[in-house]
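Trainee: Could you take me through one part of this protein in detail? I would like to follow a single sheet region closely and then see how its surroundings fit in.

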Amino acid sequence: MLSPQIRALVKGTAPVLKTHGVALTKHFYARMFQHNPELKHVFNQGHQAGGEQQQALAGAVAAYAEHIDDPSVLMPVVTRIVHKHVSLGIRPEHYQIVGKHLLASIKEVLGEAATDELVDAWAAAYGQLADLLIAEEARLYAESAAKPGGWTGWRAFRVVGKQRESAEITSFYLAPADGGAVPAYQPGQYVSVRVFVPELGLMQPRQYSLSDAPGQDRLRISVKREAGGADTPAGRVSNALHDRLEEGGVIDVAPPQGDFHLREEGNAPVVLLSGGVGLTPMVSILNHLVGRNDERQIRFVHGCRNSSVHAMKEHVNDIAAARANVRKAVFYEEIGHADQRGRDYDHAGRVDLLAIRDEVIVPDADYYLCGPAGFMRAQRAALNGLGVPDERIHAEAFGSGGAPA
């Protein structure tokens, strides 16, 4: 338990961290990678280059300082972090390295303001947080290892199928190279995969949602090729998977993790809202419910740019046509001359829940969101405006941060 004096010192740095936190975290990562370059294999260098990881850490550090009197407020974020850490193979010894460079960075960035008393307070606060994370991660590691077919760390999987789903998305079917079993997972969860990126000279991990129902002898991920743009670099790992990973190839895979998944208890209606490649965990949930002949009401709402990037269209159409309890609503921002309403899309423009409120606002339903951050902010606001309480909204975010509030 931290003393009142330590909590006061740490909390007093919250305003400074909110203003200068990114400068601190940039210094921290540069320092850590200089002294411990082996950790470049663990951290997403794409997020490093784009600044996402620095911003995410700065926000987390500032939030911890602000809520040091009651860290339980941060438990949803902590849960998300520990799942990601376990998926990446973060171990207790890594916390010692991170703590060393974080405290050194506080001294070096804040200068004279970083008194010995303040640095000691942050050392105690970091130690408390590290102990919490390590304990939660140990529990997840133990659970993962204890499952039939389960493991921890990296395991070799062979590509037993590769299927183009759209102009941007390709599915990879992965089976254990050792011939062993695949563990059960919760629909909506993800796995980390790891490949060598020659341009960086590094092994690089990425998380991808599992895009099929659990209970099979292989896993499926459906990966969007990130082409990059004027201000964003191309996705090194996604392009490596698309261009170099073929059927018969082998890839490192970590066990399924993630706190975003179908709430199995009860029989509440399910509304699945996705944008772009955010449909991947939604298809996993949909396939799971259909596969067990679940009779609850299911709504599948998806938005994408146009027909060329609309993945798994026929699959979802076939389910909606065959199941009276499943309805779909697909939005295209661009309508092609060959596109047919009802077959390719149902509505023009971006996803507009107000326009289809009679279709998707189902009493006591659970709402699942996945897609770009802006999409999820807009849909959460729309759901709130239509009277859906936050406790009924479950969101998954792609990237280094948490789900937008």
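Mentor: Happy to; here is a walk around strand 3 and its partners, followed by a few other places in the chain.

Please keep in mind that this is a predicted model. For orientation, the protein has 12 helices and 12 strands. Its radius of gyration is 22 Å, close to the 22 Å that the globule rule gives for 405 residues, so the protein is as compact as a globular protein of that length. Along the principal axes, the C-alpha atoms fill a box of roughly 65 × 50 × 45 Å. Of the 405 residues, 52% count as buried. Among contacts with a separation of 6 or more, 72% are between residues 24 or more positions apart.

Now to strand 3, which covers residues 190-197. This strand is mostly covered, with 6 of its 8 residues buried. On one side we can follow its pairing with strand 4 (202-209): the two run antiparallel and are joined by 8 bridges. As one example of the register, Val191 stands opposite Tyr208 in strand 4. Strands 3 and 4 form a hairpin with 4 residues between them, and Gly201 in that turn has a positive phi of about 70°.

Strand 3 has another antiparallel pairing, with strand 6, through 2 bridges. Here Arg194 has Asp252 of strand 6 as its bridge partner.

Next, look at what lies against helix 8, residues 236-244. Its buried residues are Val237, Ser238, Asn239, Ala240, Leu241 and His242. The cover over them includes strand 3 along with strand 4 and strand 6, and also strand 1 (155-164), strand 2 (169-176) and strand 5 (219-224). In other words, the strands we have just followed are among those that cover the helix.

Strand 4 also leads us to a distant piece of the chain. Val42 sits in the loop between helix 2 (14-35) and helix 3 (45-50). Val42 and Arg206 are 164 residues apart in sequence, yet their C-alpha atoms are 9.7 Å apart in space. Leaving out residues up to four places away in sequence, Val42 touches Leu88, Ile90 and Pro205. With a relative accessible area of 18%, Val42 is under the 20% cut-off and therefore counts as buried.

For a contrast in strand direction, turn to strand 7 (residues 270-275), where 6 of 6 residues are buried. Val270, Leu272 and Ser274 point one way, while Val271, Leu273 and Gly275 point the other way, and all are buried. Strand 7 runs parallel to strand 8 (residues 298-304), and 6 bridges join them. One pair to find on your screen is Gly275 opposite Gly303 in strand 8.

Two loops beside strand 8 are worth a look for their backbone angles. Asn293 lies in the loop between helix 9 (279-291) and strand 8, and its phi is near 55°, a positive value in a residue other than glycine. Met312 lies in the loop between strand 8 and helix 10 (313-322), with a phi near 60°, again positive in a residue other than glycine. Met312 is buried, with a relative accessible area of 6%.

Conventions: Residues numbered from 1 in each chain as written. Predicted model: local features only at pLDDT ≥ 70, side-chain atom pairs only at ≥ 80, totals over all residues. Heavy atoms only, no water. Rg over C-alpha atoms; globule rule 2.2 N^0.38 Å. Buried < 20%, exposed > 50% of the residue type's maximum accessible area, 1.4 Å probe, protein only. Contact = heavy atoms within 4.5 Å. Pairing = 2+ DSSP bridges.
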